[in-house]
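The following exercises are to be worked with the sequence and the coordinates open. Each task is followed by a stepwise solution.

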Amino acid sequence: IDNGYLFKYGDFDFDPTKFSNASEMIEKLHLLGFNVTTWIHPFANIDSLAFGEGVESGYWVKGSKETTSLVSWRNSPSSAAAVLDVTNPSARLWFSERLEKMRSRYGVDSFVLDG
């Protein structure tokens, strides 16, 4: 499942207006013999819940003044997003735990990490 399925970039939840029951849809795809992969990325838009969590815990890349660096990217309607600090073991764990939660909640089989 490619770009456009998330409610907010950074929060790993299907947009309920586009997917009223994502778990059921994925279950039906499994019954048809499909594995389901979703597109995911190491960014969080500033209007997402993940952004706030990551700032509070220090999970985003920081600039020279030790504040969260913001970048522009094509899927940021608010024109600003943070990037996961993959050099931080706690940030990597947080990100992977969120992926596992999404996998468990919806039945997703795998992820394509892109940005």
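Helices are DSSP runs of H or I with at least four residues, numbered from the N terminus. The model is predicted.

**Exercise 1. Locate the salt bridges within helices and state how far apart the partners are in sequence.**

Step 1. Search the whole structure; the search returns 4 salt bridges.

Step 2. Take helix 1, where Lys-28 and Glu-24 both lie, 4 residues apart, or about one turn of the helix. Their side chains form a salt bridge, with 3.4 Å from N to O.

Step 3. Classify the exposure of the two residues. The cut-offs are under 20% relative accessible area for buried and over 50% for exposed, with partly exposed in between. Lys-28 has 49% and is therefore partly exposed. Glu-24, at 39%, is also partly exposed.

Step 4. Go on to helix 3, in which Glu-100 and Arg-103 are 3 residues apart, a separation of about one helical turn. The closest N and O atoms of the Glu-100 and Arg-103 salt bridge are 2.6 Å apart. Glu-100 is partly exposed at 39%, and Arg-103 is partly exposed at 34%.

**Exercise 2. Which parts of the chain does the salt bridge between Asp-47 and Lys-8 link?**

Step 1. Confirm the pair: the side chains of Asp-47 and Lys-8 meet at 3.9 Å, N to O. The limit for a salt bridge is 4 Å.

Step 2. Place both partners. Asp-47 is in the loop between strand 4 and helix 2, and Lys-8 is in strand 1 (residues 6-8); with their positions 39 residues apart, the pair links distant parts of the chain.

Step 3. Check accessibility. Asp-47 has a relative accessibility of 37% and counts as partly exposed; Lys-8, at 27%, is partly exposed.

**Exercise 3. Describe the largest nonpolar core and the elements that supply it.**

Step 1. Count its members: the largest nonpolar core holds 27 residues. Those with the most contacts inside this core are Tyr-5, Phe-14, Trp-60, Met-102 and Tyr-106.

Step 2. List the elements that give two or more residues to the core: strand 2 (11-14), helix 1 (22-31), strand 3 (37-40), strand 4 (43-45), helix 2 (49-57), strand 5 (81-83) and helix 3 (89-106). The largest share, 6 residues, comes from helix 3.

Step 3. Inspect Tyr-5. Beyond its neighbours within four places in sequence, Tyr-5 is in contact with Asp-13, Phe-14, Asp-15, Phe-19, Thr-38, Trp-39, Ile-40 and Met-102.

**Exercise 4. Characterise the aromatic pairs that join strand 2 to helix 3.**

Step 1. Note how such pairs are reported: a pair of aromatic rings is described by the distance of the centres and the angle of the planes.

Step 2. Count the pairs; there are 7 aromatic pairs. Among them, Phe-12 and Phe-95 have 5.6 Å between centres and 85° between planes, an edge-to-face arrangement. Phe-12 is in strand 2 and Phe-95 in helix 3, 83 residues apart, so that distant parts of the chain are linked. Both Phe-12 and Phe-95 are buried.

Step 3. Treat Phe-14 and Tyr-106 likewise: this pair is edge-to-face, with 4.7 Å centre to centre and 65° between the planes. Because Phe-14 lies in strand 2 and Tyr-106 in helix 3, the pair ties together parts that are 92 residues apart in sequence. Phe-14 is buried at 5% relative accessible area, and Tyr-106 is buried at 8%.

Step 4. Extend the search to clusters: Tyr-5, Phe-14, Phe-19 and Tyr-106 form one aromatic cluster.

Step 5. Look for charges over rings. Arg-98 lies over the face of Phe-12, 4.1 Å from the ring centre. The charged end of Arg-98 also sits over the ring of Trp-94, at 4.5 Å from its centre.

**Exercise 5. Is Asn-88 buried or exposed, and which polar atoms does its side chain approach?**

Step 1. Place the residue: Asn-88 is in the loop between strand 5 and helix 3.

Step 2. Apply the accessibility cut-off. The relative accessible area of Asn-88 is 17%, so Asn-88 is buried.

Step 3. Find the polar partners. A polar atom of the Asn-88 side chain lies 3.2 Å from the backbone oxygen of Gly-58. The backbone nitrogen of Ser-90 is 2.8 Å from a polar atom of that side chain.

Step 4. List contacts beyond four places in sequence: Asn-88 touches Gly-58 and Tyr-59.

Definitions and conventions
Residues numbered from 1 in each chain as written. Predicted model: local features only at pLDDT ≥ 70, side-chain atom pairs only at ≥ 80, totals over all residues. Heavy atoms only, no water. Core = buried A, V, L, I, M, F, W, Y, C linked by side-chain atoms within 4.5 Å. Buried < 20%, exposed > 50% of the residue type's maximum accessible area, 1.4 Å probe, protein only. Contact = heavy atoms within 4.5 Å. Polar contact = N/O pair within 3.5 Å; in protein donor to acceptor, adjacent residues only side chain to side chain. Phe/Tyr/Trp six-rings, centres within 6.5 Å; stacked < 30°, edge-to-face > 60°. Lys NZ or Arg CZ within 6 Å of the ring centre and 35° of its normal.
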